[in-house]
Amino acid sequence: MAKNETAREIGRGGSKFRRPKNAGAAIARVFKYVSEYKVRMVLVIIGIIVSAAANIAGTYLLTPIINNYIIPLIGKQNPDLSGLVRILVLMGGIYLAGVIGMYMYQRIMVTVSTGTLLRLREDMFKHMQKLPLKYFDAHTHGEIMSRYTNDIDAMREMLSQGVPQLINSVIRVTGVFIMMIVLSPLLTLLALAMLGIMFLVVKLLMKKSSVFYKRRQKMLGEANGYIEEMIEGQKVVKVFCHEDAVKERFDNINSRLCAAMASADTWASILMPIMNNLGHFHYAATAVVGGVMLTAANPAISIGSLASFLQYTRNFSMPITQLSQQFNSAMSALAGAERIFELIDAECEVDEGSVTLTNVRRGDNGELVETAERTGLWAWNMQEGGNVRLKELKGDVRLENVTFSYDGEKKVLKNVSLYARPGQKIAFVGSTGAGKTTVTNLLNRFYDVQEGEITYDGIPVKQIKKADLRRSLAMVLQDTHLFTGTVMENIRYGRLDATDEEVIAAAKLANADFFITHLPQGYNTLLTSDGANLSQGQRQLLAIARAAVADPPVLILDEATSSIDTRTEALIEKGMDGLMAGRTVFVIAHRLSTVRNANAIMVLENGEIIERGDHDELLRHRGKYYQLYMGMFELS
């Protein structure tokens with residue numbers, strides 16, 4: 001999805017009219033979730049049947065009430081008042097039972113729909129945790145979020161309103177049709193003719209209105225997307241004094257939206273009046289034909305039966321009108337269900353690794369002994385021929401002839417080989433797109449190499465379980481992310497079992513303690529909206545503290561100090577020197593001042609290492625690194 005299209009999709013909240021690719025399959029999967037509430041659904045159907053039956057039976061009682069009680073009362077022919085009271089009480093009881101049935105099925109259906117959506121959201125979120133990083137690279141955050149919000153909400157409307165209304169309408173139409181045949185087959189033929197006309201009108205109007213409906217949603221998305229874009233870029237708008245130009249373009253978009261909405265709403269508002277008028281025409285036609293039948297020498301229908309039949313004509317057309325209104329929303333909900341199941345069906349991250357990471361201590365003879373305590377000493381737990389072998393984690397990382405491509409076509413890394421011995425600091429420099437961050441993605445096995453091999457302490461990383469591999473690494477990214485919670489909780493995210501003292505020690509190591517203690521509630525200060533109440537530099541300091549509390553054997557710093565001023569950077573480097581001692585560290589940096597003390601600097605260009613060596617060696621070589629360092633070229 002292109003960026004502009006994504007903005008429109010997010011802006012309109014994913015509300016565009018969509019049709020499912022396979023409605024039958026979507027319905028089957030939705031009702032597989034609903035089937036977990038079989039008993040409740042049986043009660044819902046019973047409630048709907050009771051409600052519909054009460055409506056049908058109550059209407060039919062008009063026949064005996066008029067024929068047996070009202071006409072004799074008007075003609076003063078020994079009216080049976082007690083009988084009239086009894087049948088009216090019976091009618092009231094029937095309608096009361098219908099109200100109770102309606103309340104029952106609507107109340108139960110709410111629990112069924114919310115429970116179904118609860119399960120769907122749980123399955124989506126659980127499955128999302130198993131998806132590889134490439135899934136999130138291929139799908140925008142807004143697109144994924146719309147499945148949790150807009151698509152789920154569309155399904156909520158369908159389950160809580162559409163499904164019971166469908167069942168209710170089918171039962172009512174069937175029951176009413178049977179009663180109409182019983183009362184008058186001739187008038188029923190008139191009702192069927194009118195029903196055919198209604199279907200033709202609905203089909204014509206829906207075909208016509210869908211064009212304007214789609215146009216309205218498209219314009220609504222463009223307007224909302226533009227508004228969102230201007231809100232995000234308000235600072236840029238003001239800096240370049242483009243307020244008037246922005247308003248002019250918005251006025252143009254808003255005018256087109258207004259015209260599209262007027263056309264769509266016009267057609268949408270036509271349906272109900274036309275259907276109502278057709279219903280009134282049917283009612284009048286039935287009354288006229290019924291009146292003619294009453295005046296015949298041998299009346300084919302009684303006055304009471306005609307009164308009941310007239311009431312049935314209303315009950316016959318109303319469900320059809322309601323179903324026509326629900327069609328678009330039902331199709332959109334099923335399309336949303338398909339998008340939800342697409343996420344649930346997405347291929348999980350494959351993990352064929354068997355080597356795990358475990359805490360160890362040294363025994364009396366210096367051998368490694370597995371322990372449940374956190375000792376700061378780690379080992380790889382390897383199964384060899386049914387026996388367990390512990391191999392100390394040292395942080396020896398090697399890439400041997402690694403070639404990698406994200407899309408299978410353009411190679412991002414080409415035959416890259418390098419090694420990082422335990423305790424070494426390896427730096428990557430180069431232009432954007434040179435492949436620096438790709439190396440760190442491969443180390444974490446967010447992606448797997450197509451050619452070559454990466455080993456960790458001599459073990460191919462594909463043999464190491466991904467969770468254990470990533471537990472041995474800590475990353476500090478250029479784009480920091482803080483969660484809603486306290487400062488203490490955000491730092492502890494690096495290691496959930498860390499004590500308060502360890503969290504504070506990590507903050508001090510990252511030189512974050514000073515600004516944290518000056519916050520309103522210190523370490524208990526609540527952070528919201530990705531730490532919006534902190535500066536970018538402070539957020540990055542917390543990210544570094546988070547990595548410090550994890551206390552990993554290997555550190556990956558991806559532009560970790562890019563948003564920090566030079567003075568703070570110098571303070572951090574002092575703290576990081578202590579953190580990096582004895583650890584293997586990979587550093588990606590645009591500031592060449594941050595990589596001068598690296599054991600080896602790799603200069604990447606177009607996916608290849610074109611230079612390697614320490615700072616002094618590369619300066620003496622007078623190649624690309626020298627040109628970058630002396631300012632002859634700039635890193636982009």
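The following paragraphs lead from the chain as a whole to a few individual residues.

The structure is a predicted model. Its chain contains 20 helices and 16 strands. Of the 636 residues in the chain, 46% are buried. The area that the chain exposes amounts to about 32700 Å², and 58% of this area is supplied by carbon and sulfur atoms. The contacts can be described by their separation in sequence: among those between residues at least 6 apart, 72% join residues at least 24 apart.

The cysteines may be considered next. A disulfide requires a pair of cysteine sulfur atoms within 2.5 Å, and by this rule the count comes to 0 disulfides. Two cysteines can be placed by their accessibility. Cys241 has a relative accessibility of 63% and therefore counts as exposed, the cut-off for that class being over 50%. Cys348 has a relative accessibility of 30%, so Cys348 counts as partly exposed; this class lies between under 20%, which is buried, and over 50%, which is exposed.

A loop residue, Asn511, completes the account. Asn511 is found between helix H15, which spans 500-509, and helix H16, which spans 513-517. Because its relative accessible area is 30%, Asn511 is partly exposed. Asn511 can also be related to Ile544: the two residues are 33 residues apart in sequence, and their C-alpha atoms are 9.3 Å apart in space.

Terms used:
Residues are numbered from 1 along each chain as its sequence is written. This is a predicted model: local features need pLDDT of at least 70, side-chain atom pairs count only at pLDDT 80 or more; totals for chains, interfaces and linings use all residues. Side-chain values use heavy atoms; hydrogens and water are left out. Buried means under 20% relative accessible area, exposed over 50%, partly exposed in between (1.4 Å probe, protein chains only). Helices (H or I, at least four residues) and strands (E, at least two) are DSSP runs, numbered from the N terminus. Contact means heavy atoms within 4.5 Å. Accessible areas come from the Shrake-Rupley method with a 1.4 Å probe; for residues, only the protein chains shown count as cover.
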